[in-house]
Amino acid sequence: MPFVITDPCIGTKDSACVDVCPVDCIHPRKDEPEFATASMLYIHPDECIDCGACVPACPVAAIYDSPDSTPGSQKGLIEANSVFRVGDADAVAKAESLVSAHVSSHADLMAIAPTERAAAHAK
Ligand code: SF4
Ligand code: SF4
C-alpha cells in the first residue's frame, strides 16, 4: 500500500520528503520544471516501497502510510498522487485539477495554517 501526500503539503512544499526517499518516487523535485507551479508534491504509488522514511521528515505531517489510513477529508488526493507524472502534461493537469477541487471543497481546512492542518484531519 503506497504512502499518500495530503493537503498540509499545499503551502509548504519544502521537499524534505524528497531528500529522504530511497527510490526517488516523490515528485516534482526542485530540479524538475513542474516544481514551480505544482500545488503540492505527489508519491508515485507503483514506485513507493513503503519504507516510511518520508513520514518523520515531513514538518507538517502531510503523509499517511496508505490510502486506507488517509482521512476521509483527504481521500480525493489519493488519486492526485496516483495520476501525477513528471513530463506528462495531461497527468500533471489532472492531478492539479484534483487538488484544486479539494481546495475548493475544503475551505475550512485551507483556512488553517499548514502546520496545524493535519491535526484537523481527524475532526
Ligand atoms: S514510504 Fe519510502 S518509498 Fe514511499 S514515498 Fe515515502 S520515503 Fe519514498
Ligand atoms: S516533506 Fe511534507 S510538506 Fe514537505 S514536500 Fe514532502 S509532503 Fe510536502
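# Talking through the model

Colleague: Let's start with Ser100: in which helix is it found?

Modeller: First, a word on the source: this is a predicted model, where local features need pLDDT of at least 70, side-chain atom pairs count only at pLDDT 80 or more, and totals for chains, interfaces and linings use all residues. Residues are numbered from 1 along each chain as its sequence is written, while chains are lettered from A and ligands numbered from 1 in the order in which they are written. Helices (H or I, at least four residues) and strands (E, at least two) are DSSP runs, numbered from the N terminus. On that basis, Ser100 is found in helix 4.

Colleague: Is Ser100 buried or exposed?

Modeller: A residue is buried if 20 or more other C-beta atoms, placed from the backbone, lie within 10 Å of its own, exposed if 12 or fewer, and partly exposed in between. Ser100 has 12 C-beta neighbours inside 10 Å, so it counts as exposed.

Colleague: Happy with that. In what pattern do helices and strands follow along the sequence?

Modeller: The protein has six helices and four strands. Read from the start of the sequence, they give β-α-β-β-α-β-α-α-α-α.

Colleague: What is the radius of gyration of the protein?

Modeller: The C-alpha trace spans about 35 × 30 × 25 Å along its principal axes. The radius of gyration is taken over C-alpha atoms, and the globule rule is 2.2 Å times the number of residues to the power 0.38. For 123 residues the rule gives 14 Å, and the protein comes close to that, so it is as compact as a globular protein of that length, with a radius of gyration of 13 Å.

Colleague: Which residues touch the most other members of the largest nonpolar core?

Modeller: A nonpolar core is a set of buried Ala, Val, Leu, Ile, Met, Phe, Trp, Tyr and Cys residues joined through C-beta atoms within 7 Å. The largest one has 30 residues, and the elements that each supply at least two of them include strand 1 (4-5), strand 4 (63-64) and helix 4 (89-105). The members that touch the most others are Ile5, Leu41 and Ile63.

Colleague: Let's stay with Ile5. Which residues is Ile5 in contact with, leaving aside neighbours within four places in sequence?

Modeller: Two residues are in contact if their C-beta atoms, placed from the backbone, lie within 7 Å. By that test, Ile5 contacts Met40, Leu41, Tyr42, Ile43, Ala62, Ile63 and Asn81.

Colleague: Asn81 makes me curious about helix 3. Which elements do the buried residues of helix 3 pack against?

Modeller: Helix 3 is mostly covered, with six of its eight residues buried. They are Leu77, Ile78, Ala80, Asn81, Ser82 and Val83. Their packing partners are strand 1, strand 3 and helix 4.

Colleague: What arc do the buried residues of helix 6 cover around the axis?

Modeller: In helix 6 (residues 114-121), Pro114, Arg117 and Ala118 are buried, and they pack against helix 5 (107-110). Glu116 and Ala119 are exposed on the other side of helix 6. The arc is that of the directions from the helix axis to the C-beta atoms. The buried residues lie on the same side of helix 6 because they cover an arc of only 95°.

Colleague: Which residues come nearest to ligand 1?

Modeller: A residue is near a molecule if its C-beta atom, placed from the backbone, lies within 6 Å of it; the test is the same for a strand. There are 14 residues around ligand 1, and those that come nearest are Cys21, Cys48, Cys51, Ala53 and Cys54.

Colleague: And which residues are closest to ligand 2?

Modeller: Ligand 2 is surrounded by 14 residues. Its shell divides into ten nonpolar (Ala, Val, Leu, Ile, Met, Phe, Trp, Tyr, Cys and Pro), two charged (Asp, Glu, Lys and Arg) and two polar residues (the others, Gly among them). The closest to ligand 2 are Cys9, Thr12, Ala16, Cys17 and Cys58.

Colleague: Now for the backbone. What is the omega of the peptide bond from His27 to Pro28?

Modeller: Most residues other than glycine have a negative phi, and most peptide bonds are trans. Pro28 lies in the loop between strand 2 (26-27) and strand 3. The bond from His27 to Pro28 is cis, with omega near -5°.

Colleague: What is the phi of Asp50?

Modeller: Asp50 sits in the loop between strand 3 and helix 2 (54-57). Asp50 is exposed because it has 9 other C-beta atoms within 10 Å. Although Asp50 is not a glycine, its phi is positive, at about 60°.
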